[in-house]
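Subject: Handover of a structure

Dear colleague,

Please find below the sequence and the structure that I am handing over to you. I should be grateful if you would keep them open while reading the notes that come after them.

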Amino acid sequence: MTSEQLAWKIRRHGIEMTHISGGGHIGSVLSVADIIAVLYTDVMKWKPDAPKWEGRDRFILSKGHAGAAIYAALAESGFFAIEELKTHYADGSRLSGHVSHHLPGVDFSTGSLGHGLSAGVGMAYAARKDRKNHKVYVVLGDGECNEGSVWEAALFANHFRLNNLVAVVDHNHMQSLDFTENTLEIEDFAAKWRAFGWNTIEVNGNSHDELKRAFLEAERSGLENHKPAVVIADTIKGYGIRFMENDILWHYRFPHDGWEYDMAVTKLHQCMPEGVRDPYTPDGILNPVRPTESDDIGNDHTFSFSWKPEYPEQMRRVEAGAGTRERVRLCR
Ligand SMILES: Cc1ncc(C[n+]2csc(CCOP(=O)(O)OP(=O)(O)O)c2C)c(N)n1
Ligand SMILES: [Mg+2]
């Protein structure tokens, strides 16, 4: 499967899983889909029939609230049956809303933000001591980087020259209620990682070509100076479904019956790569329900908009930084 095909599948499964279960974080899933797809098709070593294979690269989705994305990638890669995805969030299911290590292919449970990089650093340090060749990949959210523990782990990784560790930050400029810059300023984000001693690579995180080049560069630079690498992946929250993009509503909201589900599926079908089959609605939705004037679409749902009198000034600062880069076309 190509990375583009897997990314589409992650998005489609993500819509279905959050729709059926009435839970999850679809904006976060859509944001990270391309990063996970590239890692699982082009970068990491793994064996679905031997999930605990010693030589496997380790993967931690530290932004564990996007569990649906890694579940979809693992099922599509053969770690467990695709049918099981439908149990997402259900009582007794292995597919809890936040990532569970009870699933084959998952090494570390996440959901409480700020812990994944520390665990990944430990795994990389152990691999170094045991003279093993595998690598460790940790995907973090940008809001997650508010957590102090992330920066303690970053110090450690540089100090011990853990060039077998790659962190990827899904830098979508948003967290749960607002833009990151309105919540707790993190810019100049790349400069911070450089100051912590990391090889710092900035890319468009929805571009598969750029992501692939970034992982090669992480490898090359690490061999040269023995430092860990961070890929700062500039993404769009909700990417791939226009009405969800950059709208904080879709951090927590799931696609409801009616226009939300119908339009999400319809939008994805407009960009379906060749060779992919939609397991849920193979022909798309025949007569999709469309939003009407009274539906809540295209409105600003940020916390600052709702509550803060100084909103316009904050917004100007955010708009200068976020979502201004050129979009990658999903349909090639
Ligand atoms: C320690 C901790 N505090 C708060 C939360 C609640 N929470 C879930 S998602 C989220 C925002 C995360 O934003 P970001 O890391 O930018 O991820 P994104 O969804 O934007 O990819 C928060 C605060 C949590 N899961 N863990
Ligand atoms: Mg974010």
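The notes that follow go from the overall form to the strands, the core, the ligand shell and a few backbone details.

Please note at the outset that this is a predicted model.

Overall form

The protein contains 12 helices and five strands. Its radius of gyration is 19 Å, close to the 20 Å that the globule rule gives for 332 residues, so the protein is as compact as a globular protein of that length. The C-alpha trace spans about 60 × 50 × 40 Å along its principal axes. Of the 332 residues, 48% are buried. Among contacts with a separation of 6 or more, 75% are between residues 24 or more positions apart.

Three parallel-paired strands

Strand E2, residues 136–141, pairs with two other strands described here, E1 and E3. Strand E1, residues 58–61, runs parallel to E2 and is joined to it by four bridges. Strand E3, residues 165–171, is also parallel to E2, with six bridges between them. Two residue pairs help to locate these contacts in the model: Leu61 stands opposite Val139 in E2, and Leu140 has Val169 in E3 as its bridge partner.

In a regular strand the side chains alternate between the two faces of the sheet. In E1, Arg58 and Ile60 point one way, Phe59 and Leu61 point the other way, and all of them are buried. In E3, both faces are covered: Leu165, Ala167, Val169 and His171 are buried on one side, and Val166, Val168 and Asp170 are buried on the other. Seven of the seven residues of E3 are buried, so this strand is largely enclosed by the rest of the structure.

Val139 is a useful residue to select in strand E2. Val139 has 29 C-beta neighbours inside 10 Å and therefore counts as buried, the threshold being 20 or more. Leaving aside residues up to four places away in sequence, Val139 touches Val32, Ile35, Leu61, Ser62, Lys63, Val168 and Asp170. By contrast, the C-alpha atoms of Val139 and Val276 are separated by 26 Å, the two residues being 137 residues apart along the chain.

The nonpolar core and helix H3

Which residues touch the most other members of the largest nonpolar core? They are Ile36, Ala69, Ala73 and Val231, in a core of 82 residues. Helix H2, residues 26–43, gives the most to this core, with 12 residues.

Helix H3 covers residues 67–76, and 10 of its 10 residues are buried, so the helix is largely enclosed by the rest of the structure. The buried residues of H3 include Gly67, Tyr71 and Glu76. Their cover includes helix H1 (3–21), H2 and E1. For Ala69, the contacts beyond four places in sequence are Ile10, Gly14, Val29, Val32, Ala33 and Ile36. Just after H3, Gly78 takes a positive phi of about 95°.

The shell around ligand 1

Ligand 1 is surrounded by 20 residues, of which the closest are Ser28, Gly141, Gly143, Glu144 and Gln175. By class, the shell consists of two nonpolar, 13 polar and five charged residues.

Backbone details to inspect

Most residues other than glycine have a negative phi, and most peptide bonds are trans. Three places in the model may be read against that background.

- Tyr89 has a positive phi, near 70°, and lies in the loop between H3 and helix H4 (116–129). Tyr89 is partly exposed, because 19 other C-beta atoms lie within 10 Å.
- His173 also has a positive phi, near 65°, and its place is in the loop between E3 and H6. His173 counts as buried, because it has 24 C-beta neighbours inside 10 Å.
- Glu187 and Asp188 are joined by a cis peptide bond, with omega about 5°. Asp188 is found in the loop between helix H6 (180–183) and helix H7 (189–195).

With kind regards

Key. Residues numbered from 1 in each chain as written. Chains lettered and ligands numbered in written order. Predicted model: local features only at pLDDT ≥ 70, side-chain atom pairs only at ≥ 80, totals over all residues. Buried ≥ 20, exposed ≤ 12 C-beta atoms within 10 Å, placed from the backbone. Pairing = 2+ DSSP bridges. Near = placed C-beta within 6 Å. Nonpolar A, V, L, I, M, F, W, Y, C, P; charged D, E, K, R; others polar. Core = buried A, V, L, I, M, F, W, Y, C linked by C-beta atoms within 7 Å. Contact = placed C-beta atoms within 7 Å. Rg over C-alpha atoms; globule rule 2.2 N^0.38 Å.
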